[in-house]
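These are my notebook entries on one chain, kept in the order in which I looked things up. I began with a pair of strands and worked outwards from there.

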Amino acid sequence: MHDTSTGTTALPSRRTLLAATAGITAALAVQGTGTAHAASSNDKKLRALISRMTLEEKVGQLFVMRVYGHSATAPTQADIDANLKEIGVRTAAELIAKYRVGGIIYFAWANNTQNPHQIADLSNGIQQAALGQPRGLPLLVATDQEHGIVCRVGKPATLFPGAMAIGAGGSPADAHTLGRVSGAELRALGINQDYSPDADVNVNPANPVIGVRSFGADPDAVAGLVAAEVKGYQSSRVAATAKHFPGHGDTATDSHYGFPVITHSRELWEKLDAVPFRAAIKAGIDSIMTAHIQFPALDDSGDPATLSHPVLTGILRGELGYDGVVVTDSLGMDGVRTKYGDDRVPVLALKAGVDQLLNPPSLDVAWNAVLNSVRAGELTEARLDESILRILRLKAKLGLLDDPYVSQANVDRVGGIGTHLAAADRVAERTTTLLANEGRLLPLSRRSHKKLLVVGADPASPSGTTGPPTGVLAAALSELGFQATALSTGTAPSAATADKAVAAAQDADAVVVGTYNVTAGSSQKTLVERLVATGRPVIAVAIRNPYDIAQLPTVPAHLAAYSWTDVELRAAARVIAGQVRPRGRLPVPVQRADDPTQVLYPIGYGLSY
């Protein structure tokens, strides 16, 4: 059912919806009231619902799957082709009908998140397809909206600074605001589960996969911000997800492409990695995501944590007392596929204590593997029922069994509204960290340094809707009264590019350079040194990891922005111009480049004016 004038889906009546959810929704509305009686009463009704499900429906309920397309029923031909190739179905509606999946994950690259009204329409179409099935149940619709460098829903949605920037701000109130505002906007789009916040304690500067996705290196500080963000999201009726248990913060390997090993002792894990997860559980976290990492001190079998009964059932369920939903990280990642085949991974994950199986490379292989393992007696149907009960408890708590649909009118009422955008700007202003300011170069004077050259790296926008960073910085500085020109020099500038930048610097009163994870042999370092040698004042803005300053000792002024998205860059521009004073404090230590055992700038360091 489509209204061709708006492209929005016409929804079943409330009567149809209530009938489709087997008449139990009213009784489930009290879920989450906190009373034992209400919980046991609701569990009884949910168990009755489970008892009517076929084995195939039960298996499906455990899977959260990707699907290509902007629409649940009418994707483009290219997306139909991609779905047929990867999943063997044409559309999201066909995926739901064939496999009865319990959830869908949205990605920008799958064309799920093109604009707010399209996303809401897709969500409604997915729920409509689900409720149209026999004994149909609404879906958990999830995405990775961490903000900062991992963001699936872009502008006009409100985009906040990422976790490490929030860590630099150090305000639990700001973390709560991020969760509350982002949660409200996601919920309006029909996204009801967010794979955020990242609860990893990033103690390894060389960590290639977490880094600025973490709130920092101090476990207690990270814990406070995790708990606040969880409460913020869940106050907006979006399930938050703490990740990546038991802790992905000290690895030099990316689990997307390899199999990391964490060498922490059990004692260190308790003091470091476990702290934010305990805080998340105490805050009432709805879901926890597993890590595809080997953690010998917790399980010496060589299995990844995602497939580890000692880690997930023994520690997470048993010792930490967590009884919410456990979701795997993507089952398409190399970290979980190294030791076992794609047909064993989902079965072993369920045996370990997982509830939701996220994004297997082949759903057909994974789905049939689980089905056959129950038929063969390796997994019991009762084990599946345990996980399905947790999943249905969450769906009930979120109100999805009552009404899973969203209204197009509410999309405009909530998404990217002025108060939300202003809140993100205010939060960002508290995160920019000033690490060096020789000769009080900053704030820059519009009289003595009117003409600015902005050069540097222009990494791709996380959401596809922001940037390029040099252009955003130049535009923001021009709005503040400077004459700023942008020149993109990239993450690996050639000698010819550096020549061009040095020549352009001759006409500028000062140079602002955006640096991106500078290493000892990086040509970014050579470029910055050549710019400093021109005699023009140089201000470096680290647009990802804050460690760049250790490689750039000759730069007189240095800021850390922690990400290259617009909200953080605009805040950095306001700091450079003196419109706001820098208030961020390093949430991680910066070590010396020539001797990593020596701390150059400790946690908590930050200058102001």
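In what sense do E14 and E15 pair, and over how many bridges? I looked this up in the predicted model and found that E14 and E15 run parallel, with five bridges between them. I noted one position in that pairing, where Val513 stands opposite Ala540 in E15.

**Entry: burial of E15.** I then checked the accessibility of E15 and found it mostly covered, since five of its five residues are buried. I sorted these residues by direction: Val538, Ala540 and Ala542 point one way from the strand, whereas Ile539 and Val541 point the other way, and all are buried. Ala540, which I had met opposite Val513, is thus among the buried residues of E15.

**Entry: the sheet around E14 and E15.** I traced the strands outwards and recorded an open sheet of six strands in the order E11-E16-E15-E14-E12-E13, with mixed pairing. Its edge strands are E11 (433–437) and E13 (483–488), each of which pairs on one side only, and the twist averages 20 degrees from one strand to the next. At the E13 end I looked at strand E12 (residues 451–456), which runs parallel to E13 and is joined to that strand by six bridges; Gly456 has Ser488 as its bridge partner in E13. I also looked for a helix against this sheet and found H22 (residues 523–533), which lies across E12, E14 (510–515) and E15 (538–542) and runs at about 170 degrees to E14.

**Entry: a second sheet.** Elsewhere in the chain I listed eight strands that form an open sheet in the order E9-E8-E7-E6-E5-E4-E3-E10, where the pairing is parallel. The edges are E9 (325–327) and E10 (357–358), and each of these pairs on one side only. Within this sheet I followed E6 (residues 193–194) and E7 (residues 239–245), which pair in the parallel sense over two bridges, with Gln193 opposite Ala239 in E7. Helix H13 (residues 309–319) lies across E7, E8 (287–290) and E9, and I noted its direction as about 125 degrees to E7.

**Entry: helix H12.** I asked how far H12 (residues 274–282) is enclosed, and the answer is largely so, because seven of its nine residues are buried. I wrote these down as Ala274, Val275, Pro276, Phe277, Ala279, Ala280 and Ile281. They pack against H10 (219–235), E7, H11 (266–271), E8 and H13. After H12 comes Gly284, for which I noted a positive phi, near 90 degrees.

**Entry: helices H15 and H16.** I took the axes of H15 (residues 345–352) and H16 (residues 363–375), which come within 8 Å and cross at roughly 55 degrees; the two helices are therefore oblique to each other. In their contact, Pro346, Val347 and Leu350 of H15 meet Ala366, Ala369, Val370 and Ser373 of H16, a set that I divided into six nonpolar residues, one polar and no charged.

**Entry: confidence.** Last, I went through the pLDDT, whose mean over the chain is 93, with 94% of the residues at 70 or more. Residues 1–9 fall below 50, although this stretch has 17 contacts in the model beyond near neighbours in sequence. Residues 13–35 likewise stay under 50, and for them the model has 32 contacts beyond four places in sequence. I leave both stretches without further comment, because predicted coordinates should not be read in detail where pLDDT is low.

Technical notes:
Residues are numbered from 1 along each chain as its sequence is written. This is a predicted model: local features need pLDDT of at least 70, side-chain atom pairs count only at pLDDT 80 or more; totals for chains, interfaces and linings use all residues. Side-chain values use heavy atoms; hydrogens and water are left out. pLDDT is the predictor's confidence in each residue, from 0 to 100. Contact means heavy atoms within 4.5 Å. Axes are lines fitted to C-alpha atoms, for helices over the stretch in contact, and angles run from 0 to 180 degrees between N-to-C directions. Helices (H or I, at least four residues) and strands (E, at least two) are DSSP runs, numbered from the N terminus. Angles under 35 degrees count as roughly parallel, over 145 as roughly antiparallel, 65 to 115 as roughly perpendicular and the rest as oblique. Ala, Val, Leu, Ile, Met, Phe, Trp, Tyr, Cys and Pro count as nonpolar, Asp, Glu, Lys and Arg as charged, and the others, Gly among them, as polar. Two strands pair if DSSP finds at least two bridges between them. Buried means under 20% relative accessible area, exposed over 50%, partly exposed in between (1.4 Å probe, protein chains only).
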